[in-house]
2 protein chains.
Amino acid sequence: MRITHVDVEDVRFPTSLTADGSDAMNKDGDHSAVYVVLHTDGTAPDGSPYAGHGITFTTGRGNDIVALAARQQAQMLVGLDVAEMSADMGGTYRSITEDTQMRWLGPEKGVVHLSLSAVMNAAWDLAGRLAGKPVWRLLADMTPEQLVDVADLRYLSDVLTRDQAIALLRAKEAGKAERIAELERTGYPCYTTSAGWLGYSDEKLRRLCQEAIDEGYRHIKLKVGANLEEDIRRCGIAREVIGPDRILMIDANQVWDVPQAIEWTSALAPFDLLWIEEPTSPDDVLGHAAIKRAVAPVGVATGEHCHNRVMFKQLMQAGAMDYCQLDAGRLASLNEIVAVLLLAATFDVPVCPHAGGVGLCEMVQHVSMLDFVAVSGTREGRITEYVDHLHEHFVEPVTVRDAAYVPPRLPGYSTRMRPESVAEFRFPDGPYWAGRLATP
Amino acid sequence: MRITHVDVEDVRFPTSLTADGSDAMNKDGDHSAVYVVLHTDGTAPDGSPYAGHGITFTTGRGNDIVALAARQQAQMLVGLDVAEMSADMGGTYRSITEDTQMRWLGPEKGVVHLSLSAVMNAAWDLAGRLAGKPVWRLLADMTPEQLVDVADLRYLSDVLTRDQAIALLRAKEAGKAERIAELERTGYPCYTTSAGWLGYSDEKLRRLCQEAIDEGYRHIKLKVGANLEEDIRRCGIAREVIGPDRILMIDANQVWDVPQAIEWTSALAPFDLLWIEEPTSPDDVLGHAAIKRAVAPVGVATGEHCHNRVMFKQLMQAGAMDYCQLDAGRLASLNEIVAVLLLAATFDVPVCPHAGGVGLCEMVQHVSMLDFVAVSGTREGRITEYVDHLHEHFVEPVTVRDAAYVPPRLPGYSTRMRPESVAEFRFPDGPYWAGRLATP
């Protein structure tokens with residue numbers, strides 16, 4: 001079975017109309033996906049053609065730029081034997097990242113890294129389907145050597161060598177079966193951000209906090225950073241509704257300089273916060289370290305814009321990060337994510353992936369489950385984001401029950417989109433956008 | 001006078017055929033430019049239409065991706081009054097960087113930052129033409145307040161506030177006229193990398209080193225990192241030809257992990273090296289700091305892949321950088337470059353810009369001259385890169401005399417390309433590429 005051709009689609013959902021997903025930096029995002037389909041000449045057990053489906057997430061304008069990059073990178077996979085590719089996902093990944101000309105456009109950051117994520121996510125989906133397993137299970141069933149060969153460890157050997165990584169995984173082999181059984185029983189715990197978008201009214205905030213409690217959530221996260229007085233009022237409302245025992249987090253989405261982050265977080269600290277998320281530029285490792293020292297015991301969480309494993313390495317080396325919020329569409333697929341999980345286990349930093357957007361929840365459930373079963377070996381002090389938006393566009397959407405992700409059972413990476421959603425929201429020529437763009 | 005429309009061209013030169021510009025990481029680059037032209041409805045004093053010409057540099061594949069991003073960003077300038085834009089270049093810059101949707105694709109890194117550089121470089125060229133000054137002089141003639149308003153200081157206030165920046169520039173106002181006169185007399189010193197590309201034979205290396213000496217250069221830089229034995233041999237040849245008193249630098253172009261960088265540089269240190277350039281991942285601030293501690297007195301130089309001012313801030317805060325090699329096509333134009341010059345002056349780090357590629361020499365001469373005249377106030381311990389490739393494609397190419405850049409006198413940023421070069425090497429439809437791509 002070979003990869004015969006690829007389709008890359010620019011799909012955008014008009015979320016800016018309802019302020020879903022609005023925060024102090026991202027005021028009017030149209031949550032969008034670059035959707036990559038790797039077609040093959042093979043036939044699945046159910047008679048349908050075998051294909052891999054991968055996405056990355058953006059917030060609208062520029063999604064076509066990522067799509068163009070993904071088209072060029074995906075083309076590098078055309079002609080590959082699927083079984084051979086699946087047996088050497090590390091080599092497949094490196095064959096794209098090491099392109100001697102495109103590398104200049106990053107390296108390993110920005111558009112070409114987002115697009116690589118979509119392409120390799122599709123490759124992982126295909127590998128999972130071929131193995132008949134959800135990808136969390138495909139990876140969890142690997143030997144330590146196999147899993148380390150998947151991981152991109154380049155530039156990490158000052159803190160984590162291949163041998164150290166293998167030893168770390170080997171130490172977690174005992175108890176794997178029990179953890180899988182535990183996961184099947186109770187799922188992976190999540191928190192909701194659906195309540196706290198900045199564009200929502202106080203009433204809506206109050207109502208959504210109450211609904212979250214009623215659904216069993218113990219964590220609530222609010223967007224902050226536009227106006228301190230309003231943030232104090234909104235944190236007050238949230239704390240009042242959820243009571244003293246549930247957990248409150250805040251998220252500034254990078255709007256502050258370092259001194260302002262310290263001042264503002266300190267002003268909100270009386271509301272008993274677990275973490276301040278993205279207090280400043282995502283590139284500012286030393287800035288995060290300074291903020292963390294100043295605002296403790298409030299923790300510092302970051303990662304959704306942390307563009308590669310080298311940045312995560314430093315955030316951990318510098319003691320700048322209490323919670324690692326890696327993003328499954330920004331890191332270049334599981335090849336880089338496994339490296340970050342290994343780093344986090346090495347530095348004992350809990351991984352609490354970023355989700356929301358389009359399809360991130362579908363992916364990060366696999367990441368957290370892999371982390372629990374095979375890498376960190378624990379769910380203690382970990383909680384994965386969940387946002388209840390846009391799942392209706394997926395063939396196999398996430399299931400959340402009792403504030404926990406239920407392990408996906410179907411083969412692949414859960415990011416196959418419904419064909420009718422892709423057709424309707426394709427930019428700019430799907431019926432939705434064609435109609436809207438035709439209206440003056 | 002208003003900006004009426006924009007042209008963005010993907011121009012690629014087939015440098016991979018001759019190994020010009022080859023190094024251990026970038027083995028076969030086709031040096032390329034995204035070329036942005038901002039057209040206006042105005043007429044210059046010489047009767048030609050007023051236009052601004054800006055470029056960024058890439059190494060081939062993916063240049064079209066940057067061009068697509070540049071097209072979208074340049075479109076944001078269409079309709080602007082040129083005089084109003086020129087009077088508020090800081091605001092113009094921020095209106096693009098703060099796009100609430102495209103920001104997700106960086107922020108401020110990778111493709112969308114390279115493309116922003118090309119777009120704003122064109123805007124600066126236009127502003128210079130309107131003022132009738134080369135851009136180094138346009139900026140050097142600004143008041144401290146005006147120059148600081150140009151600079152993007154966001155995320156820097158933990159080390160450099162607006163007031164501190166103004167005070168720094170004010171302290172350099174005395175002596176400006178003398179420094180301009182000195183510059184007109186003696187130019188800005190440069191070194192050559194043309195001798196030491198990795199793909200060149202020993203004979204060619206020896207001959208080019210001798211030619212460089214004959215032309216008056218006192219610094220020679222070699223590419224290293226592919227093979228230690230060969231590097232020892234090549235450094236030996238270079239040191240033998242240039243003698244004990246001239247200066248030798250080496251450049252590894254990111255091929256090493258941190259421990260390997262320390263080991264390899266230590267093995268070459270006996271050849272008396274001024275600096276090791278790009279020893280590891282450009283993102284690894286803490287890694288560079290560790291290497292610097294280990295290999296002193298060999299200095300650490302980096303910056304051509306340092307993607308924004310927040311990274312430079314940290315490299316300086318961490319004491320990780322002996323020489324700041326900012327890149328005028330990777331930082332998003334003079335708006336960000338001025339911020340980095342201010343940081344470098346604050347931390348007393350000499351700025352030695354990266355050049356070569358396509359048009360980088362044309363731009364960095366302006367940067368170094370501005371730094372000397374208005375920011376650092378000195379040329380002491382500074383040296384700017386010069387590579388003698390591809391200048392024939394520019395209308396106003398650099399002039400190097402006695403191993404020094406001669407100050408450009410014509411208005412603008414020196415990056416207007418010859419129309420016949422653009423036509424010939426446009427990818428994929430110019431005659432050169434159309435012919436080559438048609439040949440199987």
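**Burial, core and symmetry in a predicted two-chain model**

Mentor: In chain A, 61% of the 440 residues are buried, meaning that 20 or more other C-beta atoms, placed from the backbone, lie within 10 Å of the residue's own. This is a predicted model, in which local features need pLDDT of at least 70, side-chain atom pairs count only at pLDDT 80 or more, and totals for chains, interfaces and linings use all residues. Residues are numbered from 1 along each chain as its sequence is written, while chains are lettered from A and ligands numbered from 1 in the order in which they are written.

Trainee: What makes chain A as compact as a globular protein of that length?

Mentor: Its radius of gyration, taken over C-alpha atoms, is 21 Å, close to the 22 Å of the globule rule for 440 residues, so the description holds. The rule is 2.2 Å times the number of residues to the power 0.38.

Trainee: Which residues touch the most other members of the largest nonpolar core?

Mentor: They are Val36, Leu38 and Ala123 of chain A, with B:Val36, B:Leu38 and B:Ala123, in a core of 302 residues. A nonpolar core is a set of buried Ala, Val, Leu, Ile, Met, Phe, Trp, Tyr and Cys residues joined through C-beta atoms within 7 Å.

Trainee: Why is the relation of chain A to chain B called a two-fold axis?

Mentor: A rotation of 180 degrees with 0.0 Å of shift along its axis superposes chain A on chain B, with an RMSD of 0.0 Å. That is the relation of a two-fold axis. The fit is by least squares on C-alpha atoms of residues with pLDDT of at least 70 in both copies. In chain A, A:Gly110 comes closest to the rotation axis, its C-alpha at 2.3 Å.

Conventions. Buried ≥ 20, exposed ≤ 12 C-beta atoms within 10 Å, placed from the backbone.
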